[in-house]
Amino acid sequence: MTEKCVLAEAGLDENHIADYLAGRPDFFVRHPQLLEQLHLPHEQRGSVSLVEARMERQRQRIHQLEEEITQLMTVAGENERIFRVYLDLYPRLFDCRSPAELEQRIAHALRERLRVTAVRLVPDARWCSLPQAQPGEQLEKLYRERMAGQDVYLGRLGREEKQRLFGDTLVNSCALIRIGLQGEMGLLAFGSADSSHYRSGMDTLIIRQLAGFLALLLPRMVEHEHA
C-alpha cells in the first residue's frame, strides 16, 4: 500500500501534516527521538537526519548572507568613491567662466576617475545663443523619444543620436539629464564604451544633483558670455 493510500485511509494528506507541524513548533522538542529516526535524501551523503538537514540549511543561509554582505560592502565602497569624485569636482566648477569650460572640467574628472568616455553639456538654443547650443527642436525630439517626460534617461542610443551628441567617440551606453525644471536650459550627457555602465534602474541621485548645480551656474555664465 502506498504512502498516499495510508494517509487517505487515516483521513489525512500531506498538507494536513504540514499544517499540523507548522502550528506546533515544539513538536520535535516533545518527540526528540524522531529527529534521529527520520531521514531526508541528500545528494552527496545518501540521507541525513532532520538535525543534520537543518544544520546544513543554516550553513547555506549563513554563506548566502555573507555573500550578500560582501556585495553590499562592495557597492557601498563604490558609491563612496563616486561621491568623492563629485564632491571634489563641485568647488572646481565655481571657477569656470563658460559652459564650454564647465564641460571640460566635468569631462576631465569623470574620464580620469570614473571611466566615463565622453561628456557633453548642450545648452538649448531657445534659452541662449551660445555657439555650442543645439536647436531646441532636436533636443525636444530627444526628450520625447528617449526620456518620455522623465528627467533622466539611462541606456543606449541610436546611431544618429550618438553621432549628434558624441561624434565619433565610442559610446555604448549613456546617461542623459535635463538641465532646468523642464529641461529648458539644455542637456547634460555622459557616454561610456561599456554597454552596462549606464542601465535602467541605476541610482540617479548624484547626476541629478550635478544637473541641479549646473542649473544655478549656467545663467551667470550665459550673462558673462554676452557681456
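Is Arg-115 buried or exposed? In this predicted model, Arg-115 is exposed, with a relative accessible area of 53%. The residue sits in the loop that connects α6 with β3. Its phi is near 60°, which is a positive value in a residue other than glycine. Most residues other than glycine have a negative phi. The exposed state of Arg-115 follows from the cut-off, because exposed means over 50% relative accessible area and the value for Arg-115 is 53%.

From this loop the view can widen to the whole chain. The protein contains 9 helices and 6 strands. Of its 227 residues, 33% are buried. Among contacts with a separation of 6 or more, 52% are accounted for by residues 24 or more positions apart. The protein exposes about 14,800 Å², and carbon and sulfur atoms supply 53% of that area.

The strand β3, on one side of the loop that holds Arg-115, leads into the sheet pairing. Strand β3 covers residues 118-123 and pairs with β6 in the antiparallel sense, over 6 bridges. One of the positions involved is Arg-120, whose bridge partner in β6 is Ala-189. Strand β6 also runs antiparallel to β5 (residues 173-179), and 7 bridges join these two strands. Here Ala-175 has Phe-190 as its bridge partner in β6. Between β5 and β6 there are 6 residues, and the two strands form a hairpin. Gly-180, in the turn of that hairpin, has a positive phi of about 105°.

Strand β6 itself, residues 186-192, is mostly covered, with 7 of its 7 residues buried. Which residues point each way from β6? Gly-186, Leu-188, Phe-190 and Ser-192 point one way, while Leu-187, Ala-189 and Gly-191 point the other way. Residues on both sides of the strand are buried. Two of the bridge partners already named thus belong to opposite sets: Phe-190 points one way and Ala-189 the other.

The next subject is open space at the protein surface. The largest pocket has a volume of about 680 Å³. It is lined by 23 residues, and the closest to its centre are Asn-79, Ile-82, His-197, Met-202 and Asp-203. The elements that give two or more residues to this lining are α5 (50-93), α6 (99-114) and α9 (205-226). Helix α5 gives the most, with 6 residues. By class, the pocket lining has 13 nonpolar, 4 polar and 6 charged residues. Helix α6 therefore has a place in two parts of this account, since it contributes to the pocket lining and also bounds the loop in which Arg-115, an exposed residue, lies.

Enclosed space is the last subject. How many cavities of 30 Å³ or more does the count come to? The count comes to 1 cavity. The largest cavity has a volume of about 40 Å³. Its lining consists of Gln-134, Gln-138, Leu-139, Leu-142, Glu-161, Arg-164 and Leu-165. The elements that give two or more residues to this lining are α7 (136-147) and α8 (159-166). The lining residues divide into 3 nonpolar, 2 polar and 2 charged.

Definitions and conventions: Residues numbered from 1 in each chain as written. Predicted model: local features only at pLDDT ≥ 70, side-chain atom pairs only at ≥ 80, totals over all residues. Heavy atoms only, no water. Helix = DSSP H or I, 4+ residues; strand = E, 2+ residues; numbered from the N terminus. Buried < 20%, exposed > 50% of the residue type's maximum accessible area, 1.4 Å probe, protein only. Contact = heavy atoms within 4.5 Å. Areas by Shrake-Rupley, 256 points an atom, 1.4 Å probe, with all protein chains shown as cover. 1 Å grid on protein atoms, 1.4 Å probe; cavity = no way out; pocket = protein on both sides within 12 Å on 5 of 7 lines; lining within 4 Å. Points joined across faces, edges and corners; volume = space filled by probe spheres on them. Nonpolar A, V, L, I, M, F, W, Y, C, P; charged D, E, K, R; others polar. Pairing = 2+ DSSP bridges.
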